[in-house]
Amino acid sequence: MVADGQVVGAFASTIDHIRQVVVVGDNPQLSGFESSSSATLCYIDGGIGKGPEPPQSGSPEPLFNRAVVVIVNQTPILIATGYRDALPIQSPAN
């Protein structure tokens with residue numbers, strides 16, 4: 001998912017508080033979890049591909065540089081990929 005990624009922000013919280021972070025919102029991937037479930041919101045910086053590999057004659061797509069992941073029950077859930085300026089690090093309210 002992330003080539004040479006580095007965690008630049010990680011916040012232990014609950015699903016309910018993490019849903020209040022703008023980029024996460026009411027993400028359907030989190031709908032199966034109780035609001036009070038423990039979870040960690042992570043921001044990872046690194047090279048993130050935008051799509052499938054181009055044909056050998058084509059040029060590669062530019063890479064995104066930030067991923068937002070929520071970890072629940074030791075399972076990472078990719079919430080968003082994009083650029084750092086569009087995905088600022090936000091701490092969930094506790």
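## A pair of strands

In this predicted model, Ile71 stands opposite Pro76, a residue of strand 4. The two strands concerned are strand 3, which covers residues 64-72, and strand 4, which covers residues 75-82; they run antiparallel and are joined by 7 bridges.

Strand 3 and strand 4 form a hairpin with 2 residues between the strands, and in this hairpin Asn73 takes a positive phi near 50 degrees.

## Arg66 and its polar partners

Arg66 has its place in strand 3, and its relative accessibility is 6%, so this residue counts as buried, the limit being under 20%.

What does the side chain of Arg66 make a polar contact with? Its partner is the side chain of Asp45, at a distance of 2.7 Å. In addition, a polar atom of the Arg66 side chain lies 2.7 Å from the backbone oxygen of Leu87.

## Val70 and its surroundings

Val70 is also found in strand 3, and is it buried or exposed? With a relative accessible area of 0%, Val70 is buried, because that value is under 20%.

When residues up to four places away in sequence are not counted, Val70 touches Ile18, Leu30, Ala39, Thr40 and Leu41, and also Thr75, Pro76, Ile77 and Ile79. Pro76, one of these residues, is the residue that Ile71 stands opposite. As for Ile18, it is 52 residues from Val70 in sequence, while the two C-alpha atoms are 8.3 Å apart in space.

Methods:
Residues numbered from 1 in each chain as written. Predicted model: local features only at pLDDT ≥ 70, side-chain atom pairs only at ≥ 80, totals over all residues. Heavy atoms only, no water. Pairing = 2+ DSSP bridges. Helix = DSSP H or I, 4+ residues; strand = E, 2+ residues; numbered from the N terminus. Buried < 20%, exposed > 50% of the residue type's maximum accessible area, 1.4 Å probe, protein only. Polar contact = N/O pair within 3.5 Å; in protein donor to acceptor, adjacent residues only side chain to side chain. Contact = heavy atoms within 4.5 Å.
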